[in-house]
Amino acid sequence: MLKFIVLSDIHLVPPGQTTYSIDTHARLRDAISHVNRLHSDAAFVVFAGDIAERGETDVYAAFFDALTHLSPPAYLTLGNHDDPAAFARDAAGKPPNLSQTRHAIDAKGYRVIVLDSVSVEQGSAGFVSPAQLDWLSARLDDARDRPVIVILHHNVAPLHVQTDTIMLTNAADL
């Protein structure tokens, strides 16, 4: 059996600030502590976007620092609150699981695919580019013999929640 953790919408603000009276850095530390204490046997953790509230560079540096305390390996993708350029600056030199925003993870007979659904041209809504769709197709072809799980930040189908207004715009292509 494959056990992995998905954390999304961390919405980190610069250290020392709060958002909606929440210390997002303390909350991230608590989440990491919880995973380490109760789920250190997980194969990996996926951070599924909205790492930052407004995409500030110092936020990504603090995020990468916090990840040094996480027991299972981490993979990530971005969300509509993230700034891809600021992320890329802070992710430079990090290993691929932390510097890239799409992944094909093979674990315990499964393939887990993490896609980047952020597109500056689409605003807050999600979009999977044609290049990513081609990449996804090749990863699916490679995994015909096993179950596949796909993770992305934006929902593909209506969930009847507030974020349905920013769901994936090209879900039919996916």
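**Exercise 1.** How many bridges join strand 2 to strand 3, and in which sense do the two run?

*Solution.* The model is predicted.
- Step 1. Locate strand 3 at residues 74-77.
- Step 2. Count the bridges to strand 2: there are four.
- Step 3. Read the direction: the two strands run parallel.
- Step 4. Check one pair: Ala-48 has Thr-77 as its bridge partner in strand 3.
- Step 5. Trace the connection. The chain leaves strand 2, passes through helix 2 (residues 57-67) and enters strand 3. This β-α-β crossover is right-handed.

**Exercise 2.** Place strand 1 relative to strand 2.

*Solution.*
- Step 1. Strand 1 covers residues 5-7 and pairs with strand 2 over three bridges, in the parallel sense.
- Step 2. Leu-7 lies opposite Phe-47 of strand 2.
- Step 3. Add helix 1 (residues 24-38): strand 1, this helix and strand 2 form a right-handed β-α-β unit.

**Exercise 3.** Assign the side chains of strand 2 (residues 45-48) to its two faces.

*Solution.*
- Step 1. Val-45 and Phe-47 point one way.
- Step 2. Val-46 and Ala-48 point the other way.
- Step 3. Test burial against the cut-off of under 20% relative accessible area: all four residues are buried.
- Step 4. Look for the cores. Phe-47 is among the residues with the most contacts inside the largest nonpolar core, which has 26 residues. Helix 2 gives this core its largest share, six residues. Ala-48 belongs to a second, separate core of nine residues, which also includes Phe-44, Ala-107 and Ile-151.

**Exercise 4.** Which residues does Leu-70 contact, leaving aside neighbours within four places in sequence?

*Solution.*
- Step 1. Apply the contact cut-off, heavy atoms within 4.5 Å.
- Step 2. List the partners: Ile-32, Val-35, Asn-36, Val-45 and Phe-47.

Notes: Residues numbered from 1 in each chain as written. Predicted model: local features only at pLDDT ≥ 70, side-chain atom pairs only at ≥ 80, totals over all residues. Heavy atoms only, no water. Buried < 20%, exposed > 50% of the residue type's maximum accessible area, 1.4 Å probe, protein only. Pairing = 2+ DSSP bridges. Right-handed = clockwise from strand over helix to strand, strands pointing away. Core = buried A, V, L, I, M, F, W, Y, C linked by side-chain atoms within 4.5 Å.
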